[in-house]
Each structure stands twice: as C-alpha cells, then as structure tokens.
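Biologist: I have a few questions about how the labels on this structure were reached. Could you take me through them?

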Amino acid sequence: MIVNLTPHDVAIYNVSDCILNNGRLYLHEKADMEYPEPLRVYPAAKEPARVHFVQGDPGMADGVLVYRWTPYGITGLPEPKTGTYCIVSKILAQECPEREDLIFPGTLVYDAEDNVVGCIDFSRV
C-alpha cells in the first residue's frame, strides 16, 4: 500500500506514454492533442508531512548575505507500518535515511509547457 503525504497529487505515468527530449521525459500528446491518462493518481494529503527549518547566522559571498538553513523538526509523519510506503518530499526522505518506507517521485514527467505533471517511478534514500 502507498500513502501520499505530500500537498500535491502524485500521478504515475507509463514510460511508453513519454518521449525523451533534452534529458527530460515529456508526455506524448495523442492525435487529438490530449495527454494520456496516468496509470494511477495518489491524492494529496490533507495534512502533509513537512520538514521545518531554522535560519542560521549569515555569512558573506561577494558582498551578498548567505544563510544556512538547518532542519529542526518533522511534522505529520506517521510511524512506519509494515507493508505501507509513504510518498514524501525528497528532502524529508533525506532527513530520515533509516526509514525504508519513505519514497519520493523519481523520474519526473513534464508537459509541453515544462510543468511537472507526474513521474514514472519512485525512489528512496
């Protein structure tokens, strides 16, 4: 079972519905100028899991302030449950490398206007 803990719907597309262009996968428009339907859509979470950050003291580079942002907490992330994977942001998954149940959109899929519309697979840390 897969549960989406992000604030966005996550659409999964078949790689055969995509074309590779400049290193990116784009949805291949059908003859009627419509895009193919996703294989599956995981609805957005009403209360998504989030990583919270705190801004540290600034440094300088070429006269411009540079801040370090440090993670200080995670909210909305349930305890692991056998047989359940949770879709989260990549940064949240990176903050919890011991959690093998956390997955994030892997190979992204774009529309003709370069908007991310989904993915073809998931990845994990």
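Biologist: Happy to start with a simple one: where does Glu-113 lie?

Modeller: Glu-113 is in the loop between β12 (108–110) and β13 (116–119). Please keep in mind that this is a predicted model.

Biologist: What makes Glu-113 exposed?

Modeller: Its relative accessible area is 55%. Exposed means over 50%, so Glu-113 earns the word. From C-alpha to C-alpha, Glu-113 is 9.7 Å from Tyr-26, with their positions 87 residues apart in sequence.

Biologist: And why is Thr-6 called buried?

Modeller: Thr-6 has a relative accessible area of 9%. Because buried means under 20%, Thr-6 qualifies. Thr-6 sits in the loop between β1 (2–4) and β2 (10–12). Leaving out residues up to four places away in sequence, Thr-6 touches Ala-44, Ala-45, Pro-48, Ile-87, Val-88 and Ser-89.

Biologist: What makes the pair of Thr-6 and His-8 a polar contact?

Modeller: A polar atom of the Thr-6 side chain lies 2.9 Å from the backbone oxygen of His-8. The cut-off is within 3.5 Å, so the distance fits.

Biologist: How do you know that Arg-24 and Asp-114 form a salt bridge?

Modeller: Their side chains meet at 3.4 Å, N to O. A salt bridge needs such atoms within 4 Å, so this pair counts. The two are 90 residues apart, with Arg-24 in strand β4 (residues 24–27) and Asp-114 in the loop between β12 and β13. Arg-24, at 33% relative accessibility, is partly exposed, and so is Asp-114, at 42%.

Biologist: How many salt bridges does the structure hold?

Modeller: Two. Arg-99 and Asp-101 also form one, with their closest N and O atoms 2.7 Å apart. Since that is within 4 Å, the pair meets the rule. Both residues are buried: Arg-99 has a relative accessible area of 13%, and Asp-101 has 9%.

Biologist: What about cysteines: how many disulfides are there?

Modeller: The count is zero. Cys-86 is in no disulfide, as the nearest cysteine sulfur, in Cys-96, is 11 Å away. A disulfide needs sulfur atoms within 2.5 Å.

Biologist: Why is Cys-119 without a bond to Cys-18?

Modeller: The sulfur of Cys-18 is the closest cysteine sulfur to that of Cys-119, but at 10 Å it is too far for a bond.

Biologist: Are Cys-86 and Cys-119 buried or exposed?

Modeller: Cys-86 is buried at 5% relative accessibility, and Cys-119 is buried at 1%. Both values are under 20%, so the label follows from the cut-off.

Methods:
Residues are numbered from 1 along each chain as its sequence is written. This is a predicted model: local features need pLDDT of at least 70, side-chain atom pairs count only at pLDDT 80 or more; totals for chains, interfaces and linings use all residues. Side-chain values use heavy atoms; hydrogens and water are left out. Helices (H or I, at least four residues) and strands (E, at least two) are DSSP runs, numbered from the N terminus. Buried means under 20% relative accessible area, exposed over 50%, partly exposed in between (1.4 Å probe, protein chains only). A polar contact is a pair of N or O atoms within 3.5 Å; within protein, one must be able to donate a hydrogen and the other to accept it, and residues adjacent in sequence count only if both atoms are side-chain atoms. Contact means heavy atoms within 4.5 Å.
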